[in-house]
Amino acid sequence: AEVAFEALSHHIMAQRLARENNIDAAIIACRDAHELDPDNMPNNYLLGNLLIRKNELDEAIVHLTEAFEDALEDSEVSSAPAQAALA
């Protein structure tokens, strides 16, 4: 539970930094969250979108694909946002 909380803390920080348009710091926070919880669909989606903004497309595709595949497995989560970002 402690690792999940720490990953969530990094993800929340990444969201805040992204809203402040501090993309580089947001990517670092997302990567920190990803190291702790690599299967976190919202974090993979956010990280993928941030990487698109930095034109780091190969890595963005990896994270968005993970988010898309995780969403497909969860019937309560829409895969449309990740699918649209991949397009």
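**A note on salt bridges and two helices**

1. A good place to start is R16, which is partly exposed, with a relative accessible area of 36%. Please keep in mind throughout that this is a predicted model. The partner of R16 is E20: their side chains meet in a salt bridge, with 3.0 Å from N to O. E20 also counts as partly exposed, at 48% relative accessibility.

2. How many salt bridges does a search of the whole structure find? The count is four. As background, side chains of opposite charge can pair when their charged atoms come close. The pair of R16 and E20 is one example, and the next two points turn to R31, whose side chain meets E56 in a salt bridge.

3. In the bridge between R31 and E56, the N to O distance is 3.2 Å. This pair links distant parts of the chain, since R31 sits in helix α2 (residues 23-36) and E56 in the loop between α3 (41-53) and α4 (57-73), 25 residues apart. If you colour the model by accessibility, you will find R31 partly exposed at 30% and E56 partly exposed at 32%.

4. R31 forms a salt bridge with E59 as well, and here the closest N and O atoms are 2.6 Å apart. Because R31 lies in helix α2 and E59 in helix α4, the pair ties together parts that are 28 residues apart in sequence. E59 is partly exposed, at 27% relative accessibility. Which residues do the shared partners join into one network? They are R31, E56 and E59.

5. Now for helix α2 itself. It has 14 residues, and its first and last C-alpha atoms lie 20 Å apart, close to the 20 Å expected at 1.5 Å a residue. Its buried residues are I23, A26, I27, A29, C30, A33 and H34. Around the axis they cover an arc of only 165°, which puts them on the same side of α2.

6. What do the buried residues of α2 pack against? Their neighbours are α1 (2-19), α3 and α4. Look at the face of α2 turned away from this buried side and you will see the exposed residues I28 and E35.

7. Helix α1 is worth the same kind of look. Its 18 residues should span 26 Å at 1.5 Å a residue, and its end C-alpha atoms are 26 Å apart, which agrees. The residues A7, H11, A14, L17 and A18 are buried in α1. Why do they line one face of the helix? Seen down the axis of α1, the buried residues fall within an arc of 125°, so they share a face.

8. The cover over the buried residues of α1 includes α2 and α3. On the face of α1 turned away from its buried side, you will meet the exposed residues E2, F5 and R19.

9. One last detail to check on screen is the stretch just after α1, where N21 takes a positive phi of about 65°.

Key. Residues numbered from 1 in each chain as written. Predicted model: local features only at pLDDT ≥ 70, side-chain atom pairs only at ≥ 80, totals over all residues. Heavy atoms only, no water. Buried < 20%, exposed > 50% of the residue type's maximum accessible area, 1.4 Å probe, protein only. Helix = DSSP H or I, 4+ residues; strand = E, 2+ residues; numbered from the N terminus. Expected span 1.5 Å × (residues − 1). Arc of directions from axis to C-beta. Contact = heavy atoms within 4.5 Å.
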